[in-house]
Amino acid sequence: MRWLDAHFPNPADRVVPAPVVRTRSAFALALLAGLGLMAAFPPHDLRWLAPIAVGALSVAVHGRSLRVGCALGFVFAAAFFIPLLHFCAIYVGAAPWLILAVFESLYLAVMAGLMTLAQRLPGWPVWTAALWVGQEAVRGRLPWGGARGGGLAYRQPHGPFLPFVAVGGAPLLTFVIALAGSLLALAVVGCKARWYAVRRRALAGALGCAVVVPLLGLALGPLMIHSGSGDPHRTVAVVQGNVPRLGLDFNAQREAVLRYHVRQTERLAAAIKAGTAPRPAFVVWPENSSDIDPTINPDAAALIHRAAQAIDVPILVGTLLDGPGDKVRNAGIVWDPKTGPGQTYIKRHPVPFAEYMPMRSIARLVTSKVDLVGNMIAGTRVGALQIAGTTVGDVICFEIAEDGLVRDAVDHGATVLLVQTNNATFGRSGEAPQQFAMARIRAVEHSRTAMVASTTGISGVIAPDGTVLARSSIYTAAAFSRSVPLSTGTTLADRLGDGPEWALTGLGFLTAAAALGLGRRMASAHRSRPDLGDKPDNPEADLTTAGRAR
């Protein structure tokens with residue numbers, strides 16, 4: 001702890017900063033901040049609320065104890081995750097949805113508690129932003145492979161912060177959004193300082209830095225975001241077949257879903273023959289477009305082959321493969337009109353409690369729908385496939401949120417990203433636009449065209465600069481073909497890989513360790529000098545008894 005000793009040679013000087021708002025107001029502010037952060041997500045898309053929400057939470061926890069900070073963080077997170085994850089409750093009931101929301105909220109509660117300690121360190125907006133990255137890194141890995149939905153980065157599919165994703169990936173984007181919000185909080189805290197000179201400097205400096213962050217993003221835009229205009233182009237097509245009925249039982253109509261996609265592909269083939277649509281090099285079908293295993297079911301194989309022959313180009317088919325044993329695999333299969341099934345990608349990160357069921361006997365106590373979830377197993381190979389002479393990077397559903405899985409495909413030569421997804425089980429919720437926004441982030445991060453194929457929408461084609469070239473309506477049948485750039489270059493984010501995330505997460509853990517160490521030393525100093533609070537030496541620090549109680 002030499003660093004602490006150098007900056008705080010006298011333990012008695014390590015004072016708790018004064019709260020900016022009263023305790024009741026702090027809880028109300030945390031609640032509103034959580035709701036504001038939720039509104040920053042699609043479909044509301046009020047992205048400017050994201051840094052404001054971060055700043056509001058920082059103000060709410062300022063000057064609080066670790067315990068109260070955790071409580072405020074939980075209120076903030078619950079107000080955010082409960083409405084954000086409501087799509088989980090549409091067909092399975094409230095219990096699984098609320099359990100997931102509460103569990104995810106615990107990560108932000110711990111982070112907010114650590115923020116109360118980090119704010120006692122010099123330069124705390126930087127350390128607070130690092131804690132945000134560390135929280136998302138842990139939440140995205142633990143337990144059972146984690147969940148990255150709800151990350152700060154996924155609120156910015158466009159705007160001045162977006163160029164940072166091409167520099168350091170989603171973790172750096174999270175960092176700069178959290179930094180901008182923390183600097184706004186510093187300006188608010190500065191207004192409460194007792195000395196006018198301190199208040200003036202803090203306000204000017206914090207607001208200036210908060211403005212510089214997005215301005216730097218605007219300056220980086222032309223340098224870091226690649227439009228793909230100079231790259232070779234190839235025409236590709238997306239088919240959205242729709243489903244007969246929404247809900248968890250849509251799989252009971254598996255043949256009908258497959259026939260819908262065959263019919264829509266044949267309609268596209270007719271448009272191509274009539275000259276009203278360009279001929280694609282290949283076609284992308286969504287996840288679960290054939291939930292009948294075509295490698296063992298001749299009827300399903302015949303239907304897919306009929307569609308491939310009608311359009312006379314390969315189709316990337318989303319399907320389920322049976323086996324081994326009672327297991328199942330979520331797959332994308334390249335189906336050639338002449339040779340049939342070829343290269344296959346198996347989903348590498350099945351979703352726990354949705355595609356496989358950890359602790360099945362315990363989960364059965366929560367919902368009777370547990371046994372609707374099968375035993376899906378993960379693949380091991382990167383989703384880099386060869387289709388019609390093009391190397392594509394295939395990811396399935398929420399794998400688009402996994403930094404490493406998408407980067408692996410690019411590292412293996414993918415010139416375009418394909419996202420096969422099925423949104424039929426989430427109703428008319430915000431899940432589909434949230435996932436589409438993730439695809440836009442990935443397109444810019446890796447400077448690749450991203451094609452999203454969904455059973456029910458939203459399907460679309462996204463240019464390397466994040467521009468939406470085509471987009472379907474939800475719950476409609478659609479098919480479109482577009483000429484898209486095939487990019488081979490790499491962004492700085494590609495070259496740095498996991499480096500920015502590890503560096504920022506490491507900074508976050510060091511911040512937590514330093515803050516905890518400072519907290520222990522301050523507590524020890526105050527126990528040895530019980531009268532410290534009666535005559536504060538530092539007029540900036542409100543060490544009244546009431547201030548410490550808060």
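Two strands pair if DSSP finds at least two bridges between them. The exercises below apply this idea, and some others, to a predicted model.

**Exercise 1. How many helices and strands does the chain have, and what percentage of its 550 residues count as buried?**

Solution. The chain has 16 helices and 12 strands. Of its 550 residues, 57% count as buried. A further step concerns the contacts with a separation of 6 or more, of which 72% come from residues 24 or more positions apart.

**Exercise 2. Describe how strand 3 pairs with strand 2 and strand 4, and decide whether strand 3 is mostly buried or exposed.**

Solution. Begin with strand 2 (residues 283-284), which pairs with strand 3 in the parallel sense over two bridges; here Val284 stands opposite Leu316 of strand 3. Next, take strand 3 with strand 4, where the pairing is antiparallel and runs over eight bridges, with Asn330 of strand 4 as the bridge partner of Leu320. The hairpin of strand 3 and strand 4 has five residues between the strands, and in this hairpin Gly323 takes a positive phi near 95 degrees. Finally, consider burial, for which the cut-off is under 20% relative accessible area: seven of the eight residues of strand 3 (residues 315-322) are buried, so strand 3 is largely enclosed by the rest of the structure.

**Exercise 3. Follow the chain from strand 4 to strand 5, and find which residue stands opposite Ile333.**

Solution. A hairpin of three residues joins strand 4 to strand 5. Strand 4 (residues 328-336) and strand 5 (residues 340-346) pair in the antiparallel sense over five bridges, and within strand 5 the residue opposite Ile333 is Thr344.

**Exercise 4. Work out how helix 5 and helix 6 are arranged, and which residues make their contact.**

Solution. Two packed helices are described by the angle between their axes and the distance between the axes. For helix 5 (residues 94-118) and helix 6 (residues 124-139), the angle is about 160 degrees and the axes are 10 Å apart. Since angles over 145 degrees count as roughly antiparallel, helix 5 and helix 6 are therefore roughly antiparallel to each other, and their crossing is right-handed. The contact includes Glu104, Tyr107 and Leu108 of helix 5, and Trp124, Trp127 and Arg139 of helix 6; its residues divide into 11 nonpolar, two polar and two charged.

As a last step, look at Glu104, which lies in helix 5. Glu104 is buried, with a relative accessible area of 5%, and, leaving aside its neighbours within four places in sequence, Glu104 is in contact with Phe81, Leu85, Arg139 and Ala147.

**Exercise 5. Give the order of strands in the six-stranded open sheet, and say where helix 12 and helix 13 pack.**

Solution. The six strands follow the order 6-7-8-9-10-11, with mixed pairing. The edge strands, each pairing on one side only, are strand 6 (384-387) and strand 11 (468-471), and the twist averages 25 degrees from one strand to the next. Strand 6 and strand 7 (residues 390-396) pair in the antiparallel sense over four bridges, and Thr390 in strand 7 is the bridge partner of Ile387. Turning to the helices, helix 12 (residues 403-411) lies across strand 6, strand 7 and strand 8 (416-421), and runs at about 170 degrees to strand 7. Helix 13 (residues 431-446) also packs on the sheet, touching strand 8, strand 9 (449-454), strand 10 (460-462) and strand 11, and its direction makes about 30 degrees with that of strand 10.

Key:
Residues numbered from 1 in each chain as written. Predicted model: local features only at pLDDT ≥ 70, side-chain atom pairs only at ≥ 80, totals over all residues. Heavy atoms only, no water. Axes fitted to C-alpha atoms, helices over the stretch in contact; angles between N-to-C directions. Parallel < 35°, antiparallel > 145°, perpendicular 65-115°, else oblique. Left-handed = near helix turned anticlockwise from the far one by under 90°. Contact = heavy atoms within 4.5 Å. Nonpolar A, V, L, I, M, F, W, Y, C, P; charged D, E, K, R; others polar. Buried < 20%, exposed > 50% of the residue type's maximum accessible area, 1.4 Å probe, protein only.
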